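Hi,

Here is the structure I promised to pass on. Have a look at it first, and my notes follow underneath.

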Amino acid sequence: MPTDVLMPALSPTMEEGKLAKWLKKEGDSVKSGDVIAEIETDKATMEVEAVDEGVLAKILVPDGTENVAVNTPIAIIAANGEDVAEASAPRQKVEKAEQPETPAKGETEQAAKAPAKAASAVATPPAPAVQPEPDVPAGTEMVTMTVREALRDAMAEEMRRDGDVFVMGEEVAEYQGAYKVTQGLLQEFSDRRVVDTPITEHGFAGLGVGAAFAGLKPIVEFMTFNFAMQAIDQIVNSAAKTHYMSGGQIICPIVFRGPNGAAARVGAQHSQDYSSWYSHVPGLTVIAPYSAADAKGLLKAAIRYPNPVVFLENEILYGHSFPVPKLDDYVLPIGKAKVVRQGSDVTIVAWSIGMTYALKAAEELAKDGVEAEVIDLRTLRPMDTDTVVESVKKTGRCVTVEEGWPQAGLGAEISARLMAEAFDYLDAPVTRVSGRDVPMPYAANLEKLALPSVADVVEAAKAVCYR
Amino acid sequence: MAREPRRSGQAGSERTAASGSDSKVAAGPARRKAAAASGRTAAAKAEAALNAALPQSAPPPGLSREAELEAYRAMLLIRRFEEKAGQMYGMGLIGGFCHLYIGQEAVVVGMQAAMKPGDQVITGYRDHGHMLATGMDAKGVMAELTGRRGGYSKGKGGSMHMFSVEKRFYGGHGIVGAQVPLGTGIAFANRYRGEEAVCLTYFGDGAANQGQVYESFNMAELWRLPVVYIIENNKYAMGTSVARSSAQQDFSKRGASFNIPGEQVDGMDVRAVKAAGERAIAWARGGKGPYILEMQTYRYRGHSMSDPAKYRTRDEVERMRTEHDAIEQVRKRLLEEHKVAEDELKRLDAEVRQIVNEAADFATHDPEPDPAELWTDVIYETA
């Protein structure tokens, strides 16, 4: 029976890729392990191997095709002795069990664990309801770009502007970034300013802080914030506190950045949200953007800010595209939340990937006649309480959304602030939607259960509206 | 350094417990005896290791009369300052932790003599000596110890957290070993900017067992950073002797697996320190990367002010004081070799005492920080 060769996933979060090149042509015989094609994404390239012996009966997706969705049949292999013509005839049903087990060459260690599909509810971005910043001049051209590109552009622009800015971390230079966020920086700025480090988080975080004390402006990339736990002493005890402990003498202009929170199917040690951890610490500024425009404008602001900034990105959002104003120097204010969707019935507060749930839930709620106001906090510390309070004065209700754990999470903090500052306006208890209070499980179904969902947000919003 | 139970507000009571012989162990004569015996064994072991480790190198090159006088004065200032700090702690004027440098003065004074203007210094929590050696004002240091507004950190840092950008002193760090990557980063900045400066990064034999030290060694050698690592081996990490904590007791070899050269130095002899410091700094400044100096030194006082003094014998401390004291060595040479008059040294002593007394007076009468200072310097605000 003929076998479909499916578009493989390079990582658990990959949704589509480019079929770069076929190395075999129709009619060639192949055996298990033969490299038959090359595919690439913005993150990496890999080889597709045949998993069956037979003849490459039909190529379904030609060389150079962009945006091929994961699991799309790209070729058909006929078993030896099978009629090639019959095998290559179009069939309706694609059997999932035949999904090829593809090795991910050149992929990051934590992303290579399973060739899983990105099946999470948040995999596709909602229709962007993002309003341009009020300070963007009318008529400004908007360019669509991914969060990954926006972050890269922000770093490149700031490095062009200021020779004291440099980036260091694991695989930031030669490898072009474990998640390709630093792509091209080495070529433009050389290895003096784009520094590959050994795998030594505690050491290079401290080294970066020392360089900042001495007047440089380091951008320290953590491959993920999970690994920054090894360095948290330097972030908290050295970076955050020294300005205070020195009576204002020492300043520490440093940005710690990298992906934070759950990716997909990487288990408990690689799926943790540090939003509340870092936002607990006076002396740190914590930013967690959702859109590409905010990622760019806020990273540029963070690099210029003469204080330590923890800049929490999200792996799943890296590939999402958003309109970004085409301006020479697009810098956003730190500490300012954004009302992304106007509404009068309930306020939903979120940030980073939590915004995907919030915006989809708002659409669902609108179908039932509930108009939600969605606020993107963007900066977690200092928190823009005023914007949230103003909204709650109007709606009387608030739901918070985060992927992190509930205890001492930011939802708890927002809830406490609203009780203190908007108690008389509340018509219902503030309700938190959060990740479940368990380490992240690996199994697909359990992982989905552990994360918040759009349905959770809809349900919470209806509950506080007594509907 | 928060490795000991943080003393609570009432300073007096705990000090009494610590100095008042065995009040805490006195459950019965048998137990007291057992505790004392085990204490002796550990101490005897430590002493044996100490004897084996005493430096036996050839006599270092001599110093000029002026250099010896300068070293004498600088070391004496540190000793008198620390003695005064100990007294003020006893009076309840200094709170929290207070780690005295008495006994180790030759290390910072010798290294300071080997440095050039522009070189930086960073160290851990036993830091008063380093500050005075870099030329920081005794008044500002003492006022920080007493938590007053005239202190180097406006009273907000305390004993372990003082800085002077002007004197190129980058602290004063309370987490054991944390200053090692920081100092390596300062050296990274020097190299990045093509500056000539070398960063002198001090840490103790205790900190030398922290993992981040070796992460730093690796990057420093990999990138040939201009940093000199000065391991002040005073033989005890709090109360744990080197013999009981370190698989490799020759700290000059601690960089061997990173190809970092190192040498053991008689850290009680300011001439030896200066000579080794000049070699190490020239190496680092010349673009050859990091260099390790193990300074074999000794602290006469406890780890901090609340030290049980049970882990080493009184004899051991006494012997180091009488036979190896850094200041006495210089004093003897000044009198015998350089024919300095006793009166001149007395005049120096008086001068140093006056500086220390003025510092103590200032630190006692300077007001506490304004309550509004609670909220300042959390975030650096640009104008």
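Strand 18 (residues 346-350) and strand 21 (residues 398-401) of chain A run in the parallel sense, paired over 3 bridges. If you want a spot to zoom in on, Ile348(A) has Val399(A) in strand 21 of chain A as its bridge partner. Bear in mind that this is a predicted model.

Helix 12 (residues 410-422) of chain A packs on the sheet there, touching strand 18, strand 21 and strand 22 of chain A. The direction of helix 12 makes about 155° with that of strand 21.

As for the sheet itself, it is an open one of 5 strands in chain A, ordered 17-19-18-21-22, and its pairing is mixed. Which strands stand at the edges? Those are strand 17 (338-341) and strand 22 (431-433) of chain A; each has a single partner strand, so one side of each is left without a neighbour in the sheet. On average, neighbouring strands of this sheet are turned by 25° against each other, direction ignored.

Over in chain B, take a look at helix 7 (residues 179-192) and helix 8 (residues 211-222): their axes come within 8 Å and cross at roughly 20°. An angle under 35 degrees counts as roughly parallel, and helix 7 and helix 8 of chain B are therefore roughly parallel to each other. The crossing of these two chain B helices is left-handed.

On the helix 7 side of chain B, the contact is made by Val180(B), Pro181(B) and Thr184(B), which meet Gln212(B), Val213(B), Ser216(B) and Ala220(B) in helix 8 of chain B. Sorted by type, the residues of this contact are 4 nonpolar, 3 polar and no charged.

Cheers

Terms used
Residues numbered from 1 in each chain as written. Chains lettered and ligands numbered in written order. Predicted model: local features only at pLDDT ≥ 70, side-chain atom pairs only at ≥ 80, totals over all residues. Heavy atoms only, no water. Pairing = 2+ DSSP bridges. Helix = DSSP H or I, 4+ residues; strand = E, 2+ residues; numbered from the N terminus. Axes fitted to C-alpha atoms, helices over the stretch in contact; angles between N-to-C directions. Contact = heavy atoms within 4.5 Å. Parallel < 35°, antiparallel > 145°, perpendicular 65-115°, else oblique. Left-handed = near helix turned anticlockwise from the far one by under 90°. Nonpolar A, V, L, I, M, F, W, Y, C, P; charged D, E, K, R; others polar.
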